[in-house]
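Grab your viewer and work through a few short exercises. Each one sets a task and then walks through a solution.

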Amino acid sequence: MDREAVAAQLQEFGQPAYRMDQIVRAQRAGASSWDEVTTLGKGLRADLADRGPLWSVEPRERLVSTDGTVKWRLGLADGREIESVLISHARGRRTLCVSSQVGCALGCTFCSTGTMGFGRDLTAWEIVEQALIAAQEADAQRARLSNVVFMGMGEPMQNLPAVLAAVDELHGPAPGLGISARQIAISTVGWVPGIAELQEYPLPVRLAVSLHAADDETRTRLMPINQRYPIASLLAACRRYCDTTGRRVFIEYVLLDGVNDSLEDARRLARILRDGRFHVNLIEYNATGGEYAASRPDRRERFLLALERAGLEASVRRSRGADVAAACGQLVTQAAAQPA
Ligand code: SAH
Ligand code: SF4
């Protein structure tokens with residue numbers, strides 16, 4: 001059940017607010033049904049069970065990649081489905097890639113989620129439960145859920161109130177997950193009003209902007225949203241964000257063979273980012289069955305070198321989990337657009 005619904009039920013039953021903490025603690029510890037929330041009395045458990053299931057998100061499938069990446073297909077109460085992905089790092093750290101919407105309305109031409117169309121926004125609690133499930137998995141691996149990135153399905157800036165309410169929970173002390181705000185990243189297609197809104201948010205979360213091209217013609221071809229918010233307006237919003245918050249912005253740039261990976265593209269990118277506080281993450285393209293192919297390693301290295309020579313901070317982000325279609329841009333579910 002969604003958290004608001006549980007809160008309303010508790011109130012109706014005349015229960016104190018701390019019951020909610022008990023419920024979340026039980027979910028965090030792995031309770032799968034109301035019956036297992038043994039900190040609540042039997043009668044209350046039965047009353048709550050009459051109203052709906054304990055979880056609003058339910059694992060339907062769990063796939064493990066050869067590199068240790070875990071991908072879940074998760075069912076929602078209305079029959080729709082989302083995915084989330086847990087990525088392993090050294091020293092027992094784990095990064096969870098969460099979904100913020102069912103599908104996505106923005107139709108970027110290189111992204112599987114974009115081909116699904118838009119289903120609906122997730123609630124804050126549906127986002128938090130993805131992290132509760134991942135935290136249990138990390139426990140089982142004797143590891144720690146240290147980072148959360150909003151890089152799963154959906155455009156987080158189009159569902160910002162729920163996303164930020166979820167961040168509050170993820171960051172908060174127990175029964176929250178105690179994740180440092182700096183280890184939480186919100187990735188956006190370049191939704192300018194969302195960037196302005198995020199700069200007012202008090203926690204120092206990371207902002208990642210999916211740029212993927214240094215000229216408007218190429219970017220519009222890749223990302224239709226560029227017609228509404230072209231590169232100049234997007235970078236102006238990023239600079240305002242840097243000035244207001246004192247933080248850097250992370251620029252995501254997926255390298256596509258022959259599309260945006262020439263030396264001229266690298267130089268143009270360096271030029272437009274020159275006077276800002278940016279860090280460029282070059283991303284390997286993950287096949288989605290469309291018209292694109294990943295840049296060859298030599299072109300990728302040349303691109304990186306050109307950025308560095310121009311004085312930009314840049315790094316390459318390696319693809320993970322591609323063998324179970326868990327990598328960036330590969331998240332797609334069948335039951336997306338319509339409820340079952
Ligand atoms: N909607 C948000 C967040 C979800 S997508 C956004 O677009 O930023 C997370 C990241 O994966 C984005 O940088 C997106 O551009 C990238 N991505 C999408 N499809 C990809 C693909 N096929 N290969 C590599 N990265 C991809
Ligand atoms: Fe949506 Fe992001 Fe995919 Fe674009 S890249 S379609 S904004 S999820």
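**Exercise 1.** Which backbone oxygen lies 2.9 Å from a polar atom of the side chain of R45?

*Solution.* Before you start, keep in mind that this is a predicted model.
- Find R45 in helix 3, which covers residues 42–51.
- Go from the polar side-chain atoms of R45 to the backbone oxygen of D35, and you have the 2.9 Å pair.
- For the rest of the surroundings, skip the neighbours within four places in sequence: R45 then touches W34, D35, V37, T38 and L40.

**Exercise 2.** Work out whether R45 is buried or exposed, and check its charge partner.

*Solution.*
- R45 comes out as buried.
- The nearest side chain of opposite charge belongs to D35, 4.3 Å away.
- A salt bridge needs a side-chain nitrogen within 4 Å of a carboxyl oxygen, and R45 has no salt bridge.
- D35 still meets the R45 side chain through its backbone oxygen.

**Exercise 3.** Classify the ring pair W191 and Y229, then say which parts of the chain the pair ties together.

*Solution.*
- A pair of aromatic rings is described by the distance of the centres and the angle of the planes.
- Here the centres are 5.6 Å apart and the planes sit at 80°, so W191 and Y229 are edge-to-face; the cut-off for that label is over 60 degrees.
- W191 is in the loop between strand 8 (184–188) and helix 7 (192–198), while Y229 is in the loop between helix 8 (216–222) and helix 9 (231–245), so the pair links parts 38 residues apart in sequence.
- Both W191 and Y229 are buried.
- The structure has three aromatic pairs, and another of them is Y285 with Y292, also edge-to-face, at 6.4 Å between centres and 80° between planes.
- Y285 and Y292 are both buried too.

**Exercise 4.** Place P193 and find how far its C-alpha atom is from that of A237.

*Solution.*
- P193 belongs to helix 7.
- Its relative accessible area is 37%, so P193 is partly exposed.
- P193 and A237 are 44 residues apart along the chain, yet their C-alpha atoms are separated by 8.4 Å.

**Exercise 5.** Test the overall fold against the radius of gyration of a compact globule.

*Solution.*
- For 340 residues, a compact globule would come in near 20 Å; the protein has 21 Å, which agrees.
- The C-alpha trace spans about 70 × 40 × 40 Å along its principal axes.
- Of the 340 residues, 56% count as buried.
- Take the contacts between residues at least 6 apart in sequence: 65% of them join residues at least 24 apart.
- The secondary structure comes to eleven helices and twelve strands.

Technical notes:
Residues are numbered from 1 along each chain as its sequence is written. Chains are lettered from A and ligands numbered from 1 in the order in which they are written. Side-chain values use heavy atoms; hydrogens and water are left out. Rings of Phe, Tyr and Trp (its six-membered ring) pair if their centres lie within 6.5 Å; planes under 30 degrees apart count as stacked, over 60 as edge-to-face and the rest as tilted. Helices (H or I, at least four residues) and strands (E, at least two) are DSSP runs, numbered from the N terminus. Buried means under 20% relative accessible area, exposed over 50%, partly exposed in between (1.4 Å probe, protein chains only). Lys and Arg count as positive and Asp and Glu as negative; His and the chain ends are not counted. A polar contact is a pair of N or O atoms within 3.5 Å; within protein, one must be able to donate a hydrogen and the other to accept it, and residues adjacent in sequence count only if both atoms are side-chain atoms. Contact means heavy atoms within 4.5 Å. The radius of gyration is taken over C-alpha atoms; the globule rule is 2.2 Å times the number of residues to the power 0.38.
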